[in-house]
Amino acid sequence: MALNARLDHRNPLVFDTHELGRRPGALQRLTRTIDAPRDLGLQGVIGVPEGAPVKLELRLESVMEGVLVTGTARATAEGECVRCLEPLELQLEADFQEMFSYPDADDRGRVKAEPADDAEDDEDRLFIEDGLFDLEPVLRDAVVLALPMQPVCQEDCPGLCAQCGTRLADDPDHHHDAVDIRWAALQGLAGSLEDGEKDEISGAEAGVDEKQEK
């Protein structure tokens, strides 16, 4: 990952490591509540609403090559049940751990004699810049991994009626009389025969009445 252009220390997801110094073994614990950034979660499925509180508990440990950040994010995610489409809330707890490297140190923590062209090696690495690091990409990845791909309001949610869309959890006895399409034509034929028989009977009765009048 390339270095970001000047991290803003006023950003609540940017953290300062100056207190740790570059003393391997130094520890710092932080607790911070931030407003959720936009699109935090699985877009269109479930996520933490923008501006909702996200509680962060972090452990910063100084090591030779950088700062190892271990933490947990807690928040309330909102979405809708994939079975019945009802709104739902989920208490989210996302754990993460990430190494933020010093840009002037190699993989063993030694200061590089000269800057090297390690674009491929640095592509997936996160860096400390002027003693600051940005937690947002780590938080986003952790939240996405912690959220369900197919959220449900309850594990045994029966969903919606395929014929009329009624929410089955609200009406457990809901059902429709099923008609086998293979018998539908026969039922129609039977109805036609019954109507024909009725016409014949009516005609016969009319003939008898005429004879009796004569």
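Mentor: Let's start with a cut-off: a residue counts as exposed when its relative accessible area is over 50%, as buried when it is under 20%, and as partly exposed in between. Keep in mind that the model we are looking at is predicted.

Trainee: Why is Asp130 called exposed?

Mentor: Asp130 has a relative accessible area of 64%, and exposed means over 50%, so Asp130 is exposed. Its place is in the loop between strand S8 (126-127) and strand S9 (132-134). The backbone there deserves a look too, since phi of Asp130 is near 55 degrees, a positive value in a residue other than glycine.

Trainee: What does Asp39 count as, and at what relative accessibility?

Mentor: Asp39 has 47%, which lies between 20% and 50%, so Asp39 counts as partly exposed. Asp39 also has a positive phi of about 55 degrees, although it is not a glycine, and it sits in the loop between S2 and S3.

Trainee: How do you know whether Gln28 is buried or exposed?

Mentor: Set its relative accessible area of 11% against the cut-off of under 20%, and Gln28 is therefore buried. Gln28 belongs to strand S2 (residues 27-35). Leaving out residues up to four places away in sequence, Gln28 touches Asp16, Glu19, Leu20, Leu58, Arg59 and Leu60.

Trainee: And what about Phe96, buried or exposed?

Mentor: Its relative accessible area is 8%, which is under 20%, so Phe96 is buried. You will find Phe96 in strand S7. Apart from neighbours within four places in sequence, Phe96 is in contact with Leu58, Val69, Thr70, Gly71, Thr72, Ala73, Leu135, Val138 and Ala142. Take Ala142 from that list: Phe96 and Ala142 are 46 residues apart in sequence, yet 6.0 Å apart in space, C-alpha to C-alpha.

Trainee: Ala142 is in H2, I think. Which residues of H2 are buried?

Mentor: The buried residues of H2 are Val138, Leu139, Ala142 and Val143. Down the axis of H2 they fall within an arc of 125 degrees, so they line one face of the helix.

Trainee: Why would residues spaced like that point the same way?

Mentor: An α-helix has 3.6 residues a turn, so residues three or four places apart point the same way. The face of H2 turned away from its buried side carries the exposed residues Asp141 and Leu145. As for the buried residues of H2, what covers them includes S2, S3, S5, S6, S7 and S8.

Trainee: Which residues touch the most other members of the largest nonpolar core?

Mentor: Those are Val48, Val54, Leu56, Val69 and Leu135, in a core of 38 residues. Two or more residues come from each of strand S3 (40-42), strand S4 (46-48), strand S5 (53-63), strand S6 (66-80), strand S7 (87-101) and helix H2 (136-146).

Trainee: What makes this set a nonpolar core?

Mentor: Its members must be buried residues of types such as Val and Leu, joined through side-chain atoms within 4.5 Å. In soluble globular proteins, nonpolar side chains tend to be buried together. For one member, Leu56, the touching residues more than four places away in sequence are Leu13, Phe15, Leu30, Thr31, Arg32, Ile34, Thr72, Ala73, Leu135 and Leu139.

Trainee: How do you know that S4 and S6 pair?

Mentor: Pairing needs at least two bridges, and 2 bridges join S4 to S6, so they pair. These two strands run antiparallel, and one of the links puts Ile46 opposite its bridge partner Gly79 in S6.

Trainee: How many bridges do S5 and S6 have?

Mentor: They pair in the antiparallel sense over 9 bridges, including the one between Glu57 and Thr72 of S6. S5 and S6 form a hairpin, with 2 residues between them.

Trainee: And how many bridges join S6 to S7?

Mentor: There are 15, again in an antiparallel arrangement, with Thr70 bridged to Gln97 in S7. This hairpin has 6 residues between its strands, and Leu85 in the turn has a positive phi of about 70 degrees.

Trainee: Stepping back, how many helices and strands does the protein have?

Mentor: It has 3 helices and 9 strands, in the order β-β-β-β-β-β-β-α-β-β-α-α along the sequence. Of its 214 residues, 30% count as buried.

Notes:
Residues are numbered from 1 along each chain as its sequence is written. This is a predicted model: local features need pLDDT of at least 70, side-chain atom pairs count only at pLDDT 80 or more; totals for chains, interfaces and linings use all residues. Side-chain values use heavy atoms; hydrogens and water are left out. Buried means under 20% relative accessible area, exposed over 50%, partly exposed in between (1.4 Å probe, protein chains only). Helices (H or I, at least four residues) and strands (E, at least two) are DSSP runs, numbered from the N terminus. Contact means heavy atoms within 4.5 Å. The arc is that of the directions from the helix axis to the C-beta atoms.
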